[in-house]
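Grab a pencil and have a look at the model below. The exercises go step by step, so try each one before reading its solution.

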Amino acid sequence: MKGQPYPRMYLYRRLVQAKLFIDTHYAEPIDLGAIADEAFFSKFHFIKQFKSIYRQTPHQYLISLRIEKARLLLKAGLPVSDVCYRVGFESLPSFSGLFKRMTGMTPSAYLAEQQDLKAQIAAAPLTYIPGCFAHKNGWLKK
Amino acid sequence: MITRMTHSTVYVLDQDSAFDFYTNKLGFKVVTDVPMGNDGRWLTVAPPQMPELEMVLAPVTRSMFSKEVSETLKDLVKKGTFGVAVLTCDDIYATYEELKAKGVEFTKAPTKEFYGTEAIFKDDSGNWYSLAQLK
């Protein structure tokens with residue numbers, strides 16, 4: 001399907017490409033100035049336009065993305081120090097501080113909570129499934 | 001008095017592929033993922049800002065159906081029979097460009113309607129969604 005041109009289409013495409021670049025390279029040291037250059041924006045204009053669409057500056061978006069990725073890795077059971085470096089933070093204290101500020105828990109508390117939840121699910125899976133669905137799927141017979 | 005909706009079902013052709021589509025392409029969050037052994041997997045996802053509405057990604061081959069029903073349902077899903085939901089976003093052009101860049105197939109580009117701007121896309125099974133930026 002070929003869409004019709006719409007107002008500011010090329011601006012949107014450049015901003016979306018910049019966001020997707022952050023989505024792909026969040027774990028690397030990212031130079032937001034270089035991304036702005038790549039997208040043919042001045043740094044100031046890039047930050048302003050990015051914020052007008054995503055309601056966050058590119059830097060705020062990068063940090064929230066790293067924290068979200070960290071949550072997923074902790075959920076999967078990876079140690080806190082591994083997670084910190086894998087998502088692109090360079091210092092454990094700054095990672096822990098940001099994680100706590102954004103999620104309300106320290107990374108180690110979150111890791112422990114998620115592993116505990118996983119154990120509970122493994123021990124009693126049906127507790128997490130509405131009974132009618134479990135019944136229809138034949139999972140209550142066991 | 002009914003107060004809220006907590007679960008709704010989306011029938012999908014392949015649960016693993018749907019998992020990838022809904023999380024990595026649409027950006028939905030996994031709410032519950034419970035392996036049920038050989039009998040399947042209870043998998044629910046939710047739009048990022050609405051974790052209380054769990055969408056059950058249910059494979060059409062699930063044991064709750066007879067073979068005949070399963071085949072019919074599979075066929076209907078593939079043919080794009082089912083419109084599942086209206087999903088809203090803050091900026092439809094940015095969302096449209098991002099999803100397109102991720103390979104999501106649109107059957108309607110953003111178009112101004114009397115209620116806002118709407119586009120239509122299909123999931124990896126064939127179910128369609130309205131993507132809307134409401135007025």
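**Exercise 1.** Work out how many residues of chain A are in contact with chain B, and which elements of chain A they come from.

*Solution.* This is a predicted model, so we're reading contacts off a prediction. Start with the count: 22 residues of chain A are in contact with 22 residues of chain B. Next, look for the elements of chain A that give two or more residues to this side: they are helix 1 (9-25) and helix 8 (131-136). Helix 1 of chain A makes the largest share, with six residues. Finally, sort the side of chain A that touches chain B by class: 14 residues are nonpolar, four are polar and four are charged.

**Exercise 2.** Check the length of helix 3 (residues 43-54) of chain A against what you'd expect at 1.5 Å a residue.

*Solution.* Helix 3 of chain A has twelve residues. The expected span is 1.5 Å times one less than the number of residues. That gives 16 Å, and the end C-alpha atoms of helix 3 of chain A are 16 Å apart, so the two agree. Just after this helix, R55(A) takes a positive phi of about 60°.

**Exercise 3.** Decide which residues of helix 3 of chain A are buried and which are exposed on the other side.

*Solution.* Count neighbours: a residue is buried if 20 or more other C-beta atoms lie within 10 Å of its own, and exposed if 12 or fewer do. The buried ones in helix 3 of chain A turn out to be F46(A), Q49(A) and F50(A). They cover an arc of only 100° around the axis, so they sit on the same side of the helix. Here's the background: an α-helix has 3.6 residues a turn, so residues three or four places apart point the same way. Now flip to the other side of helix 3 of chain A, where F44(A), K48(A) and S52(A) are exposed. As for partners, the buried residues pack against helix 1, helix 2 (32-38) and helix 4 (58-75) of chain A.

**Exercise 4.** Find the largest nonpolar core and say which helix gives the most to it.

*Solution.* The largest nonpolar core has 18 residues, and those with the most contacts inside it are L15(A), A39(A), Y96(B) and L131(B). Helix 3 of chain B gives the most to this core, with five residues. Zoom in on A39(A): leaving out residues up to four places away in sequence, A39(A) touches R14(A), L15(A), Q17(A), A18(A) and F46(A).

Key
Residues numbered from 1 in each chain as written. Chains lettered and ligands numbered in written order. Predicted model: local features only at pLDDT ≥ 70, side-chain atom pairs only at ≥ 80, totals over all residues. Contact = placed C-beta atoms within 7 Å. Helix = DSSP H or I, 4+ residues; strand = E, 2+ residues; numbered from the N terminus. Nonpolar A, V, L, I, M, F, W, Y, C, P; charged D, E, K, R; others polar. Arc of directions from axis to C-beta. Core = buried A, V, L, I, M, F, W, Y, C linked by C-beta atoms within 7 Å.
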